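Hello,

Here is the structure I promised to pass on to you. Please have a look at the sequence and the model first; my notes follow below.

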Amino acid sequence: MKPYILHITGDFPDPLRAEKPGVIRSLIDLTRSDFEHEVVSINRTSPPLLETTKTLVGNGKLRIHSTAFNYGTAIEYLAPSHGLLHRSKLIEVAKWITRRVSREGRRPDLVLGHKLTIEGIIAAFVARQFGIPYGLSIQGNTDTRIVRARPDLRSVFREIFHNAQIVFPFAPWALKTIEGYLGARSRSTHILPCPTELDAIQPPKPGANGLVSVFHLRNHRLKNLKGIAQAFGVLAKRGARPPLEIVGGGTDKETTTCRTIVADYPNITFTGPLEPDQVSVRLNRSSALLAPSNRETFGLVFIEALFAGAPIIYPKGRAIDGFFDDLPFALGVEPSDPKSIAEAMAHALEDEVKLKEHLADWQLSGALEPFTREAITKRFRTNLNAAVANGP
């Protein structure tokens with residue numbers, strides 16, 4: 001019988017919020033033949049002001065709406081925003097899940113919480129009730145922000161982090177930051193890159209002389225479009241006006257907002273959405289991927305760009321930081337510093353041939369193999385099995 005893995009995740013496309021990212025779903029799909037996966041997809045909604053007041057004075061009851069879907073159950077629960085009653089509301093969700101599992105009469109072999117600081121609280125509670133092991137993924141954008149902002153909960157996070165049977169950080173920088181607050185783990189910990197379907201290597205093509213960014217326009221603040229525009233202002237003062245093509249969908253309102261932000265720079269254009277294989281083609285034709293995000297847990301597009309033969313401009317201390325340190329075609333920038341972004345842009349354009357030569361050699365070395373779906377699937381499968389075998 002296949003091991004039964006119960007996933008607790010707030011980052012799963014479900015009937016309540018279909019727009020959520022698909023990374024956790026991809027990991028589940030890739031290992032469906034090895035495990036029986038069940039998902040509890042959680043969605044927090046802020047209650048009305050009156051109900052928030054009742055909750056704060058102790059009279060509020062947890063309200064959960066649940067909907068079955070083909071991966072498991074999607075739930076929506078009411079809890080105050082801004083981290084109010086953060087742990088207590090998540091424990092109430094954990095109790096609801098525990099009762100549900102008890103009614104169904106089948107105990108999971110492993111509970112996997114797909115963020116330390118949110119789902120991890122739930123996973124640790126559920127695992128303790130059934131005497132089973134639990135694991136975590138570390139998602140840097142959310143986990144580092146909450147650990148930093150909640151010193152009052154660090155002892156809770158520390159216990160959950162160190163008692164997990166397995167931890168999967170999505171990127172090295174996230175693990176480094178979390179361990180800086182909570183101490184280094186002694187148990188099994190394995191960096192797990194996010195999988196992409198665009199993992200076929202395309203040799204770099206020099207001579208493109210143009211940059212590309214890829215993001216949905218609703219995320220323009222997160223993706224630092226304002227900082228990009230300011231960096232173009234720095235280059236414009238030097239007489240340089242390189243083209244930038246922004247690939248990604250958006251509503252009419254979002255498109256208008258983004259066009260307004262870059263209105264002074266007609267060399268920045270918007271292509272709209274492309275199919276995934278066409279994104280790969282467009283990356284291959286570019287001088288480099290420009291993506292100096294303000295916040296980024298992983299940034300799958302960076303990996304897709306390297307497979308597609310495009311150098312990358314990425315934000316230091318987030319995203320894929322720690323994977324490609326000191327490689328000439330991976331240019332780290334300070335996203336809050338337009339001059340830093342501008343310098344990287346100029347370097348990527350002026351030295352495109354040389355950077356792509358380095359990238360081509362690196363592609364042939366096999367260095368991208370750990371980022372293929374096959375390698376990620378093997379790592380996920382092997383360590384889930386070990387966590388189940390080793391017990392709580």
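The accessible surface of the protein chain comes to about 17400 Å², and carbon and sulfur atoms account for 50% of that area. Please keep in mind that this is a predicted model. Of the 392 residues in the protein chain, 54% are buried. The C-alpha atoms fill a box of roughly 65 × 50 × 40 Å along the principal axes. A compact globule of 392 residues would have a radius of gyration near 21 Å, so the 22 Å of the protein chain agrees with that. As for contacts between residues at least 6 apart in sequence, 73% of them join residues at least 24 apart.

Now to the fold. The protein chain has 14 helices and 14 strands, and two open sheets are worth finding on your screen.

One is an open sheet of eight strands with mixed pairing, in the order β3-β4-β2-β1-β5-β6-β7-β8. Its edge strands, each pairing on one side only, are β3 (64–69) and β8 (188–189). Within this sheet, β5 (residues 110–113) and β6 (residues 134–138) pair in the parallel sense over three bridges, and L112 stands opposite G135 in β6. Helix α14 (residues 373–390) packs on the sheet, where it touches β1 (4–9), β5, β7 (166–169) and β8. The direction of α14 makes about 155° with that of β7.

The other is an open sheet of six strands with parallel pairing, and its order is β11-β10-β9-β12-β13-β14. Here the edges are β11 (268–272) and β14 (330–333), each of which pairs on one side only. From one strand to the next, the twist averages 30°. Strand β13 (residues 312–315) runs parallel to β14 and is joined to it by four bridges; I313 has L331 in β14 as its bridge partner. Helix α8 (residues 225–237) packs on this sheet and touches β9 (211–214), β10 (244–247), β11 and β12 (288–290). Its direction makes about 170° with that of β10.

Next, the charged pairs. Side chains of opposite charge can pair when their charged atoms come close. The structure holds 15 salt bridges, and a few of them make a good tour.

- R100 and E104 meet in a salt bridge through their side chains, at 3.5 Å from N to O. The two are four residues apart in helix α3 (residues 86–104), so about one helical turn separates them. R100 is partly exposed, with a relative accessible area of 21%, and E104 is partly exposed too, at 42%.

- D199 forms a salt bridge with R373, with the closest N and O atoms 3.2 Å apart. This pair links distant parts of the chain, since D199 sits in the loop between β8 and β9 while R373 belongs to helix α14, 174 residues apart. D199 is buried at a relative accessible area of 17%, whereas R373 is partly exposed at 32%.

- E296 forms a salt bridge with K223, and their closest N and O atoms are 2.8 Å apart. E296 lies in the loop between β12 and α11 (300–307) and K223 in the loop between β9 and α8, so the pair ties together parts that are 73 residues apart in sequence. Both partners count as buried, E296 at 12% relative accessibility and K223 at 16%.

- D11, K115 and E119 are joined into one network by salt bridges that share partners.

Happy exploring, and write back whenever you like!

Best wishes

Definitions and conventions:
Residues numbered from 1 in each chain as written. Predicted model: local features only at pLDDT ≥ 70, side-chain atom pairs only at ≥ 80, totals over all residues. Heavy atoms only, no water. Pairing = 2+ DSSP bridges. Axes fitted to C-alpha atoms, helices over the stretch in contact; angles between N-to-C directions. Contact = heavy atoms within 4.5 Å. Rg over C-alpha atoms; globule rule 2.2 N^0.38 Å. Buried < 20%, exposed > 50% of the residue type's maximum accessible area, 1.4 Å probe, protein only. Areas by Shrake-Rupley, 256 points an atom, 1.4 Å probe, with all protein chains shown as cover. Salt bridge = Lys/Arg side-chain N within 4 Å of Asp/Glu carboxyl O.
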